[in-house]
Amino acid sequence: MAAASLGLFVLFLAAWQWGPPAMGIPAFIIPPADQVWHEFVRMLGRDQLMYHTSITALQVLLGFVFGMLLGMVVGFVLGMSASAEFVLSPYILALQIAPKVAFAPLFVIWFGYTMTPKILVAVLIVFFPVMINVLGAVRAIDPDIVRLARAFTANRFQLFWKIEFPAALPPFFAGLRIAATLAVIGVVVGELVGGNTGLGYLLSFGEGAGNTAMVFVTIILLTLIGIVLYGAIVLIERRVLHFMPARARAAG
Amino acid sequence: MNALSADVTARTRLEFRDVTKRFASKRGSGITAVQGLNISIRDGEVVSIIGPSGCGKSTLLNMASGLDPASEGDVFVDGVRVERPNAHVAFMLQKDLLLPWRTIRHNVEFGLEILGRPARERRGIAMDLLAKCRLRGFEDHYPHQLSGGMRQRAALARTLAVDPSVLLMDEPFSALDAQTKMVLQQDLGRTLAETGKTALFVTHDLVEAIALSHRVLVMSQRPGTIIEEIVVDIPDISNPMARRTHPHVGPYVARLMELLHIDEADA
Ligand SMILES: Nc1ncnc2c1ncn2[C@@H]1O[C@H](COP(=O)(O)OP(=O)(O)O)[C@@H](O)[C@H]1O
Ligand SMILES: [Mg+2]
């Protein structure tokens, strides 16, 4: 298996290196692998690539964590209170339908060329899948389980901590996996809109300079940030949801 | 009502006094689920309730558990009026309601945890009951790794763990296949006899009611009332398997069928 994966990767690199020239595609459309590598090394030295990467990664992480916490809290509150959900659901639906990245320019107007607007876009975009999944999970709890706990004289806090919270964990993690990929999108859009830091900035800079290899490098690094975050979620999920049958976990 | 007050020497564990339960309905008048119930269950007695579906059997158990208040009348457990859920009653349903994220042992400890018992004590009680319920070796399994019958035995252990005065059981075995059901009836009969627990047991299964109980109460269509009480005169309450085959069972079943109009029902 591992050998096959490695072989496929080598094949992919080779196709990237020699495929486009063989088909007559110029380097400014698809730069070959070695050129992208050289650009990467150059950017490390000249363009503070690591600095911009870590700024973006930090914003992704902060946006993800805040969006996750907010989504979790709102999901539980709405899940526990039918009246709160009834009153708030039209607004939440509207906000859910609104394209979240369109808020980026607004946040830049409000907070200037700082980290705040980028984090806020990520928070907004991460919030929904987490909130919806937690809300759905709390709603889906068998009322007889709640009655059983109450018959055992459980108080409100015990109901939350021993029933609602653990019951919401599997859908919560499913929401986090979706959110992990969305968080990167949110931050990049924020960086594209304004500022002079982050991979989004390097992306638009590369575009302005007609430097396709630079654009490739930033796209690859953005993808890597997403993969690391996603992988971390999956690892934590495996530890936390160890009680679930393996197949159900993979499907969730 | 004669036999209910006959034996005044044993302590009354569970008592319904003139209990009526009404539910609000869309058409305003309300549904009377059960009416004028008078039931008295003595210490160590196992009493079954049988009746057409929708006659208010579950409603009756819910009032005893303190989850739903009676509209009229009072329910007493150990002489104390039931006003809210309390540690003196525990219930068990057709669904095992085991929490999938807890091991079997931690599921059994659930009620004790809510009552705030220390971890060592919980563990001791759970291990002891799991052995009694023939689940030794499965303490660290998760519910999805067990068969339906084993899960229901774990649910029984969880119910017994809080050491309730009265066990309320709402068709606990009706989702099981016939053989598993008989094995669990045997487990329940033995465990109840060993622990001397008082139980109120709802079932659809006439033979199950007879095999497990000292008395069977028959309820009418809604609004449910007790229309007959049958004292099961078969020895050895701890051995339902043997009781099933006792010659008295046939006549009891015939009597119950007659009361429930099973012959006329359009099945
Ligand atoms: N929460 C409720 N609201 C309204 N009606 C109810 C409620 N619970 C039960 N009922 C009604 O009360 C009657 C008795 O229900 P139940 O006790 O569940 O019957 P059983 O357990 O004997 O089948 C039924 O007609 C049912 O529709
Ligand atoms: Mg019922």
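These are my notebook entries on what I looked up in a predicted model, taken one topic at a time.

**Entry 1: chain A as a whole**

I began with the secondary structure of chain A and found 11 helices and zero strands. Reading along the sequence, I wrote the pattern down as α-α-α-α-α-α-α-α-α-α-α. I then looked up the extent of the chain, and its C-alpha atoms fill a box of roughly 75 × 50 × 30 Å along the principal axes. Of the 252 residues in chain A, 44% are buried. The accessible surface of chain A comes to about 13100 Å², and carbon and sulfur atoms account for 75% of that surface. I also noted that, among the contacts in chain A with a separation of 6 or more, 75% are between residues 24 or more positions apart.

**Entry 2: two residues inside chain A**

I next picked A:Phe64, which I found in helix α3 (residues 49–80) of chain A. Is A:Phe64 buried or exposed? Its relative accessible area is 4%, and because the cut-off for buried is under 20%, A:Phe64 counts as buried. Setting aside neighbours within four places in sequence, I listed the contacts of A:Phe64 as A:Val126, A:Leu176, A:Ala179, A:Ala180, A:Ala183, A:Leu229 and A:Ile233. I also looked up A:Val187, which is 123 residues from A:Phe64 along the chain, and the C-alpha atoms of these two residues are separated by 9.9 Å.

For a second case I took A:Thr218, which is found in helix α10 (residues 212–240) of chain A. A:Thr218 has a relative accessible area of 0% and is therefore buried. Not counting residues up to four places away in sequence, A:Thr218 touches A:Met43, A:Leu199, A:Leu202 and A:Leu203.

**Entry 3: aromatic rings**

I looked up the aromatic pairs and noted a count of 15 over all chains. In one of them, A:Trp37 and A:Phe40, the ring centres are 5.4 Å apart and the planes meet at 35°, so I recorded the pair as tilted. Why are A:Trp37 and A:Phe40 separated by about one helical turn? They are so placed because they stand three residues apart in helix α2 (residues 33–46) of chain A. A:Trp37 is exposed, with a relative accessible area of 52%.

The pair of A:Phe107 and A:Trp110 is also tilted, because its planes lie at 50°, and its ring centres are 5.7 Å apart. Both residues lie in helix α5 (residues 104–111) of chain A, three residues apart, which is about one turn of the helix. I compared their accessibility and found that A:Phe107 is buried at 8%, whereas A:Trp110 is exposed at 55%. I also wrote down a cluster in which ring pairs link A:Phe76, A:Phe160, A:Trp161 and A:Phe165.

**Entry 4: ligand 1 and chain B**

Which residues surround ligand 1? I listed B:Phe23, B:Ala33, B:Ser53, B:Gly54, B:Cys55, B:Gly56, B:Lys57, B:Ser58, B:Thr59 and B:Arg222. These shell residues divide into three nonpolar, five polar and two charged. Helix α1 (residues 57–65) of chain B gives the largest share of the shell, with three residues.

I then looked at individual atoms, and an oxygen atom of ligand 1 is 2.7 Å from a polar backbone atom of B:Gly54. For B:Cys55, a polar backbone atom is 3.3 Å from an oxygen atom of the ligand. At B:Arg222 the partner is an N or O atom in the side chain, 2.6 Å from an oxygen atom of ligand 1. Taken alone, ligand 1 exposes 560 Å², and the protein buries 63% of that.

**Entry 5: backbone details in chain B**

B:Arg222 came up again when I looked at the backbone, since the peptide bond from B:Arg222 to B:Pro223 is cis, with omega near -10°. B:Pro223 is found in the loop between β9 (215–219) and β10 (226–231) of chain B.

I also looked up positive phi values outside glycine, and B:Arg134 has one near 55°. This residue lies in the loop between α4 (119–132) and α5 (148–161) of chain B, and B:Arg134 is partly exposed, with a relative accessible area of 41%. B:Glu171 has a positive phi of about 45°, although it is not a glycine. B:Glu171 is found in the loop between β7 (166–170) and α6 (178–195) of chain B, and with a relative accessible area of 13% I entered B:Glu171 as buried.

Key. Residues are numbered from 1 along each chain as its sequence is written. Chains are lettered from A and ligands numbered from 1 in the order in which they are written. This is a predicted model: local features need pLDDT of at least 70, side-chain atom pairs count only at pLDDT 80 or more; totals for chains, interfaces and linings use all residues. Side-chain values use heavy atoms; hydrogens and water are left out. A residue is near a molecule or strand if one of its heavy atoms lies within 4 Å of it. A polar contact is a pair of N or O atoms within 3.5 Å; within protein, one must be able to donate a hydrogen and the other to accept it, and residues adjacent in sequence count only if both atoms are side-chain atoms. Accessible areas come from the Shrake-Rupley method with a 1.4 Å probe; for residues, only the protein chains shown count as cover. Helices (H or I, at least four residues) and strands (E, at least two) are DSSP runs, numbered from the N terminus. Ala, Val, Leu, Ile, Met, Phe, Trp, Tyr, Cys and Pro count as nonpolar, Asp, Glu, Lys and Arg as charged, and the others, Gly among them, as polar. Buried means under 20% relative accessible area, exposed over 50%, partly exposed in between (1.4 Å probe, protein chains only). Contact means heavy atoms within 4.5 Å. Rings of Phe, Tyr and Trp (its six-membered ring) pair if their centres lie within 6.5 Å; planes under 30 degrees apart count as stacked, over 60 as edge-to-face and the rest as tilted.
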